[in-house]
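Could you walk me through this structure, one question at a time? I am new to it and would like to learn how its parts fit together.

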Amino acid sequence: YIYRKGLNLFVEAAKELPEFSFYIVGGYDDSINLLKEIAPPNLHFTGRVSDDELIKLYNSSSVYCQFSISESFGYALAEAMSCGCVPVVTRNASLPEVAGEVGYYIDNNDPKEAAEQIKRAANSNLSKRSRDRILKCFSAINVKRKLLDIVLGCR
């Protein structure tokens with residue numbers, strides 16, 4: 001789990017940036033204990049949080065990282081971006097489709113590269129563009145229009 005989700009890389013990147021606060025949010029299995037043993041003091045494990053707490057975390061964050069090896073659509077990424085978080089992601093699965101041109105990308109499993117991209121994202125002015133991308137590309141009304149275009153185009 002921790003490798004599939006890229007959490008090991010996230011922990012190592014947090015070590016490179018002691019001036020930043022990092023959070024691992026959500027449910028996880030017992031393998032998370034391995035990460036807790038090596039986690040730096042600037043990394044916090046919240047476990048599951050309510051929707052309201054999650055929105056507060058997104059709104060108080062400037063960057064959202066998702067270093068997954070495989071992923072479905074990337075709902076959490078879209079949620080974070082809709083709150084103005086600038087994405088730092090791998091080029092795996094649907095993550096580039098969601099992050100698009102506002103994303104910062106890591107191309108290998110190097111914590112220094114990940115840390116550098118996190119710093120770039122944190123110092124960027126892409127928060128509004130990140131939010132706008134989700135509204136433009138993935139809002140319910142736009143998804144409905146695209147789906148109708150596909151269905152009606154098959155006639």
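What follows is a friendly talk between a student and a tutor about this structure.

Student: What kind of model is this, and how are its residues numbered?

Tutor: This is a predicted model, in which local features need pLDDT of at least 70, side-chain atom pairs count only at pLDDT 80 or more, and totals for chains, interfaces and linings use all residues. Side-chain values use heavy atoms, with hydrogens and water left out, and residues are numbered along each chain as its sequence is written, from 1.

Student: Which element gives the most residues to the largest nonpolar core?

Tutor: A nonpolar core is a set of buried Ala, Val, Leu, Ile, Met, Phe, Trp, Tyr and Cys residues joined through side-chain atoms within 4.5 Å. The largest one has 25 residues, and Ile-24, Phe-67, Val-88 and Ile-118 touch the most other members. Two or more residues each come from α1 (7–16), β1 (22–25), α2 (32–38), β3 (63–66), β4 (86–90), β5 (104–106) and α6 (111–122), where helices (H or I, at least four residues) and strands (E, at least two) are DSSP runs numbered from the N terminus. With six residues, the element that gives the most to this core is α1.

Student: Which residues does Ile-118 contact, leaving aside its neighbours within four places in sequence?

Tutor: Contact here means heavy atoms within 4.5 Å. With those neighbours left aside, the partners of Ile-118 are Ala-13, Leu-17, Phe-20, Phe-22, Val-63, Cys-65, Phe-67 and Val-88.

Student: How many residues are in the second, separate core?

Tutor: Among the members of this core are Leu-54, Val-98, Ala-99 and Tyr-105. The number of residues in this second core is 15.

Student: How many disulfides does a search of the whole structure find?

Tutor: A disulfide is counted when a pair of cysteine sulfur atoms lies within 2.5 Å. For Cys-83, the nearest cysteine sulfur is that of Cys-85, 6.4 Å away. For Cys-137, the nearest is that of Cys-83, 17 Å away. The number of disulfides found in the whole structure is zero.

Student: Is Cys-137 buried or exposed?

Tutor: Buried means under 20% relative accessible area, exposed over 50%, and partly exposed in between (1.4 Å probe, protein chains only). Cys-83, at 24%, is partly exposed. Cys-137 has 17% relative accessibility, so it counts as buried.

Student: Which residues are closest to the centre of the largest pocket?

Tutor: On a 1 Å grid over the protein atoms alone, a pocket is an open set of points where a 1.4 Å probe fits, with protein on both sides within 12 Å along at least five of seven lines, and lining residues have an atom within 4 Å of a point. The largest pocket has a volume of about 1,000 Å³, a volume being the space filled by probe spheres set on the points, which are joined across faces, edges and corners. Of the 37 residues that line this pocket, the closest to its centre are Tyr-23, Ile-24, Val-25, Tyr-64 and Cys-65.

Student: How many charged residues are in the lining of the largest pocket?

Tutor: Elements supplying at least two lining residues each are α1, β1, α3 (51–59), β3 and α4 (75–82). Asp, Glu, Lys and Arg count as charged, Ala, Val, Leu, Ile, Met, Phe, Trp, Tyr, Cys and Pro as nonpolar, and the others, Gly among them, as polar. The lining has 21 nonpolar and 12 polar residues, and its charged residues number four.

Student: What does Ala-78 touch, not counting residues up to four places away in sequence?

Tutor: Ala-78 sits in helix α4. At 9% relative accessibility, Ala-78 counts as buried. Apart from residues up to four places away in sequence, Ala-78 touches Phe-73, Val-98 and Ile-134.

Student: How far apart in space are Arg-129 and Met-81, C-alpha to C-alpha?

Tutor: Arg-129 belongs to helix α7 (residues 127–138) and is partly exposed, with a relative accessible area of 42%. In sequence, Arg-129 and Met-81 are 48 residues apart. Their C-alpha separation in space is 8.9 Å.

Student: What is the phi of Ala-93?

Tutor: Most residues other than glycine have a negative phi. Ala-93 lies in the loop between β4 and α5 (95–99). Although Ala-93 is not a glycine, its phi is positive, at about 50°.
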